[in-house]
Structures are given as structure tokens and as C-alpha cells.
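Student: Could you take me on a close look at the sheet in this model, strand by strand? I'd like to follow how its pieces pair up.

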Amino acid sequence: MEKIIFETEDGEKQEFFVEEETRVGGMDYLLVTDSDGDEANAYIMKDLSKDGEEEAMYVMVEDDVEYEAVARIFEQMMDDVSFE
């Protein structure tokens, strides 16, 4: 399972495990978890980097409508995940 390091606005680094990825409306999204165990919290992140940039710039999806739409796609991709 691939790991990514996410740096918060205050400079704190958090490690996430990439569970799945998809592209919707020209935007790349990741489904990540904060641990590789059964009790992990899941988050949806989107890539705001521009084409040609070497490093991706991911942010947490905070818009409720966008989150619900992407969460439904990830639920269809993965039978055993539920977003509540």
C-alpha cells in the first residue's frame, strides 16, 4: 500500500495510506486512511497542482456536495468501504 506524507498548514506532517484513486471532472482524488488497520479513519483528498508540476498538492475535500459525490464513486469502486 502506498504511503503519502501530508503537511498541514501549521507545518505538521501526517502519514496517510492511499486506498484508491480516481479522476472526476478533470480533478484527481485520493481515498486515504490514517492507518492500515481495520479501525482507520478515511479521508478524501484532491490534487490542486497544475499540469507539469513535479509535486502534487493535495488538500482535504471540505465541500459537502463535492465530498458526497466523490465518496459515492469510491463506494462503488470498493465494496467494503462506507462513508458516514
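Tutor: Happily: Glu21 stands opposite Leu30 in S3, and that pair belongs to the S2–S3 pairing, where seven bridges join two antiparallel strands. Strands here are DSSP runs of E, at least two residues long, and helices are runs of H or I, at least four residues long, both numbered from the N terminus. Two strands count as paired if DSSP finds at least two bridges between them. The hairpin of S2 and S3 has two residues between the strands, and Gly25 takes a positive phi near 55° there.

Before we move on, please keep in mind that this is a predicted model, in which local features need pLDDT of at least 70, side-chain atom pairs count only at pLDDT 80 or more, and totals for chains, interfaces and linings use all residues. Residues are numbered from 1 along each chain as its sequence is written, and side-chain values use heavy atoms, with hydrogens and water left out.

Now step to the other neighbour of S2. Strand S2 (residues 13-24) is joined to S1 by five bridges, and the two run antiparallel. Along this pairing, Ile5 has Glu15 as its bridge partner in S2, while Glu7 stands opposite Lys13. In the hairpin of S1 and S2, five residues lie between the strands, and Gly11 has a positive phi near 90°.

On the far side of S3, five bridges join S3 to S4, again antiparallel. Tyr29 faces Lys46 of S4 in this pairing, and Lys46 also stands opposite Val59 in S5. S4 and S5 are antiparallel too, paired over three bridges.

Put together, five strands make an open antiparallel sheet in the order S1-S2-S3-S4-S5. Strand S1 (3-7) and strand S5 (58-60) are at the edges with a single partner strand each, so one side of each has no neighbour in the sheet. On average, neighbouring strands are turned by 45° against each other, direction ignored; the axes behind such angles are lines fitted to C-alpha atoms, for helices over the stretch in contact, and angles run from 0 to 180 degrees between N-to-C directions. Helix H1 (residues 64-77) packs on this sheet, touching S2, strand S3 (27-33) and strand S4 (42-47), and its direction makes about 80° with that of S2. Contact means heavy atoms within 4.5 Å.

How far can you trust each part? Confidence is given as pLDDT, the predictor's score for each residue from 0 to 100. The chain has a mean pLDDT of 87, with 94% of its residues at 70 or more. Confidence is highest in S3, at a mean of 94, and lowest in S1, at 85.

As a last tip for viewing, in a regular strand the side chains alternate between the two faces of the sheet. You can try that on S2, tracing from Lys13, opposite Glu7, through Glu15, the partner of Ile5, to Glu21, opposite Leu30.
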